[in-house]
Amino acid sequence: GRLSAIVLAASAGDEFGSLTDHVPKAMLKVSGQPILARLAEDFESFGCRRLTIVRGYGASGLEVAGARYVENSEYAQTNEAYSLSLAVDALHPGTLVSFGDLVLKRYIVHSLLEESDQGITVVVDSKLVGPGQPDAVNTDRPYSGRFDLASVHLQQIGSRVCADSSDGAWIGLLHVGDQGATWLAEAVEESRAAGVLRSERIADLLTRVVGKGRAVRVVYIHGG
């Protein structure tokens, strides 16, 4: 099938401090290339033909050749779920959803696409444990370090996960298949109906999906 991507790049990125005073964090350079341009190239190398970028802070300085842009003019008062809701028309089966400040190695995208199914598949870094991980997860099978064909599924993600007992953290990259695209779009609408869409994160949307008994698949990486 066709692969497309939605990149959420609207927030100012406080964690980068003064570096982002003039530049959106997705445009910070790593090895001389803006993070967002790198990400676009990575996705394109796997056949991604449609890239939708949700931008907000420093929008005029945030450009990637061939991308379609959606503006989140309320980026300072809203969160990731709201940004995704603005691009929900681009949430087709076979879509990658990514944070805009993600620096990754291509094998991670390859692993995700290889493991992805009709539902939702998320990448979890098993090394991201302990306090200060807002997207901490619990899964039904902790990372073992051994090659294992058995699939792993998400049980909890976000604020309800105890830092002492997490199995890692979601890195900010997921894939939706035929059913997964519908599940995530439904979660956006449920969040909107509950009046919390502006404040919710992608982790909250995934919590809604898992809460319905739907299987969200996990692909582990172990640091980088």
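Biologist: Where along the chain does R160 lie?
Modeller: This is a predicted model, in which local features need pLDDT of at least 70, side-chain atom pairs count only at pLDDT 80 or more, and totals for chains, interfaces and linings use all residues. Residues are numbered from 1 along each chain as its sequence is written, and side-chain values use heavy atoms, with hydrogens and water left out. Helices (H or I, at least four residues) and strands (E, at least two) are DSSP runs numbered from the N terminus. On that basis, R160 is placed in the loop between β9 (152-157) and β10 (169-176).

Biologist: Is R160 buried or exposed?
Modeller: Relative accessible area, computed with a 1.4 Å probe on protein chains only, decides this: under 20% is buried, over 50% is exposed, and the range in between is partly exposed. Since R160 has a relative accessibility of 63%, it counts as exposed.

Biologist: How far apart in space are R160 and N138?
Modeller: Along the sequence, R160 and N138 are 22 residues apart. From C-alpha to C-alpha, the distance between R160 and N138 is 9.6 Å.

Biologist: Which residues does E74 touch, not counting residues up to four places away in sequence?
Modeller: E74 sits in the loop between β5 (68-71) and α2 (80-86), and its relative accessible area of 28% makes it partly exposed. Contact means heavy atoms within 4.5 Å. With residues up to four places away in sequence left out, E74 touches Y82 and R198.

Biologist: Is S98 buried or exposed?
Modeller: S98 belongs to strand β6 (residues 95-99). Beyond four places in sequence, S98 touches I6, V7, L8, L39, F43, G172 and L173. Because its relative accessibility is 0%, S98 counts as buried.

Biologist: Which element gives the most residues to the largest nonpolar core?
Modeller: A nonpolar core is a set of buried Ala, Val, Leu, Ile, Met, Phe, Trp, Tyr and Cys residues joined through side-chain atoms within 4.5 Å. The largest such core has 38 residues, and those with the most contacts inside it are L84, I120, V122, L174 and I202. The element that gives the most to this core, with six residues, is α5.

Biologist: At what angle do helix α4 and helix α5 pack?
Modeller: Axes are lines fitted to C-alpha atoms, for helices over the stretch in contact, and angles run from 0 to 180 degrees between N-to-C directions. The axes of α4 (residues 178-193) and α5 (residues 202-211) are 9 Å apart, and the packing angle is about 110 degrees. Angles under 35 degrees count as roughly parallel, over 145 as roughly antiparallel, 65 to 115 as roughly perpendicular and the rest as oblique, so α4 is roughly perpendicular to α5. The value asked for is therefore an angle of about 110 degrees.

Biologist: Which residues of α5 make the contact with α4?
Modeller: From α4, the contact is made by W183, L184, A187, V188, E190 and S191. By class, the contact has six nonpolar, one polar and two charged residues, where Ala, Val, Leu, Ile, Met, Phe, Trp, Tyr, Cys and Pro count as nonpolar, Asp, Glu, Lys and Arg as charged, and the others, Gly among them, as polar. From α5, the contact is made by L205, R208 and V209.

Biologist: How many disulfides does the count come to?
Modeller: C48 is buried, with a relative accessible area of 8%, whereas C162 is partly exposed, at 38%. A disulfide is taken as a pair of cysteine sulfur atoms within 2.5 Å. By this rule, the number of disulfides is zero.
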